Amino acid sequence: MAKHSDPNSKLIAENRQARYHYAVQDTLEAGIVLQGSEVKSMRVGQTNIAESYASVEDGELWLINSYIASLNQASHFGHEERRKRKLLVSKRELSRLWNATQREGMTIVPLKMYFNEKGIAKILIGIAKGKKQADKRETEAKRDWNRQKQRLLKQNY
């Protein structure tokens with residue numbers, strides 16, 4: 001029996017370059033504090049998280065440099081497109097993120113922004129370490145080899 005896709009759940013934005021530039025070691029789902037015009041703009045799909053990052057400042061987690069386009073219909077109650085947005089995580093997760101960034105030299109990278117089954121905006125963040133150029137070449141070579149392997153298997157069958 002086929003599963004019906006939930007009309008509320010929807011992928012808004014994805015940071016496809018994150019796994020190329022960073023070695024993601026752990027992921028975490030966080031809520032986002034948004035304004036009404038931002039939610040409407042996200043439902044239309046005018047969002048970009050490719051150049052953004054997250055940081056722990058003053059005991060809170062913030063999403064910095066994410067882009068959510070402003071709507072023409074929300075002219076009086078609009079929002080700033082690249083403002084800092086607060087991310088909602090538990091105190092335990094916040095302390096773990098702070099330890100990873102301050103002590104271990106990791107980076108908090110947003111991977112996906114989406115609406116969950118209940119229609120609430122969520123963001124999947126990853127705790128990652130930056131890759132060096134040789135590691136990036138190795139990842140690219142593995143990906144190319146897997147593609148070639150799939151082609152060869154497909155041709156033989």
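In which strand is the place of Tyr114? In this predicted model, Tyr114 belongs to strand S8, which comprises residues 107-115. The residue is buried, because its relative accessible area of 18% falls under the 20% limit. Its side chain makes a polar contact with the side chain of Glu29, at 2.3 Å. Beyond the residues up to four places away in sequence, Tyr114 touches Lys10, Leu11, Ile12 and Glu29, together with the run of Ile120, Ala121, Lys122, Ile123 and Leu124. For Leu124, which is ten residues from Tyr114 in sequence, the separation in space is 8.2 Å from C-alpha to C-alpha.

The protein as a whole contains four helices and nine strands, and these elements follow one another along the sequence in the pattern β-α-β-α-β-β-β-β-β-α-β-β-α. Along the principal axes, the C-alpha atoms fill a box of roughly 60 × 45 × 30 Å. Of the 157 residues in the protein, 35% are buried. When contacts between residues at least 6 apart in sequence are considered, 69% of them join residues at least 24 apart.

The largest nonpolar core has 24 residues, of which Leu61, Leu87, Leu97, Met113, Ile123 and Ile125 touch the most other members. Two or more residues of this core are given by each of strand S1 (10-14), strand S2 (22-32), strand S4 (53-57), strand S5 (60-64), helix H3 (91-102), S8 and strand S9 (121-130). The element that gives the most to the core is S9, with four residues. Apart from this core lies another, of six residues, which include Ala18, Val109, Leu111 and Ala128. Returning to Ile123, and leaving aside its neighbours within four places in sequence, this residue is in contact with Leu28, Glu29, Ala30 and Ile32, with Leu63 and Leu87, and with Pro110, Lys112, Met113 and Tyr114. Glu29 is thus named among the contacts of Ile123 and also among those of Tyr114.

Helix H2 spans residues 36-44, and its buried residues are Ser37, Glu38, Ser41 and Met42. Seen down the helix axis, these buried residues fall within an arc of 140 degrees, and they therefore line one face of H2. The face turned away from the buried side carries the exposed residues Gly36 and Lys40. The packing partners of the buried residues of H2 are S1, strand S3 (47-48), strand S6 (67-68), S7, S8 and S9. The helix is followed by Gly45, which has a positive phi, near 100 degrees.

Within H2, Glu38 counts as buried because its relative accessibility is 0%. The side chain of Glu38 reaches the backbone nitrogen of Gln35 at 2.8 Å and makes a polar contact with the side chain of Arg85 at 3.0 Å. With residues up to four places away in sequence set aside, Glu38 touches Val33, Ile68, His79, Glu80, Arg83 and Arg85.

The partner in that side-chain contact, Arg85, lies in strand S7, which covers residues 85-88. Arg85 is likewise buried, since its relative accessible area is 0%. In addition to the contact with Glu38, the side chain of Arg85 reaches two backbone oxygens, that of Glu81 at 3.1 Å and that of Arg83 at 2.9 Å. The surroundings of Arg85, not counting residues up to four places away in sequence, consist of Ile32, Val33, Leu34 and Glu38, then Leu61, Trp62, Leu63, Ser66 and Ile68, and finally His79 and Glu80. Val33, Ile68, His79 and Glu80 appear among the residues touched by Arg85 and among those touched by Glu38.

As to the aromatic residues, a search of the whole structure finds zero aromatic pairs. Charged groups do, however, sit over aromatic rings: Arg43 lies over the face of Phe115, at 4.0 Å from the ring centre, and the charged end of Lys84 sits over the ring of Trp62, 4.9 Å from its centre. Trp62 is also one of the residues that Arg85 touches.

Note on methods: Residues numbered from 1 in each chain as written. Predicted model: local features only at pLDDT ≥ 70, side-chain atom pairs only at ≥ 80, totals over all residues. Heavy atoms only, no water. Buried < 20%, exposed > 50% of the residue type's maximum accessible area, 1.4 Å probe, protein only. Polar contact = N/O pair within 3.5 Å; in protein donor to acceptor, adjacent residues only side chain to side chain. Contact = heavy atoms within 4.5 Å. Phe/Tyr/Trp six-rings, centres within 6.5 Å; stacked < 30°, edge-to-face > 60°. Lys NZ or Arg CZ within 6 Å of the ring centre and 35° of its normal. Core = buried A, V, L, I, M, F, W, Y, C linked by side-chain atoms within 4.5 Å. Arc of directions from axis to C-beta.
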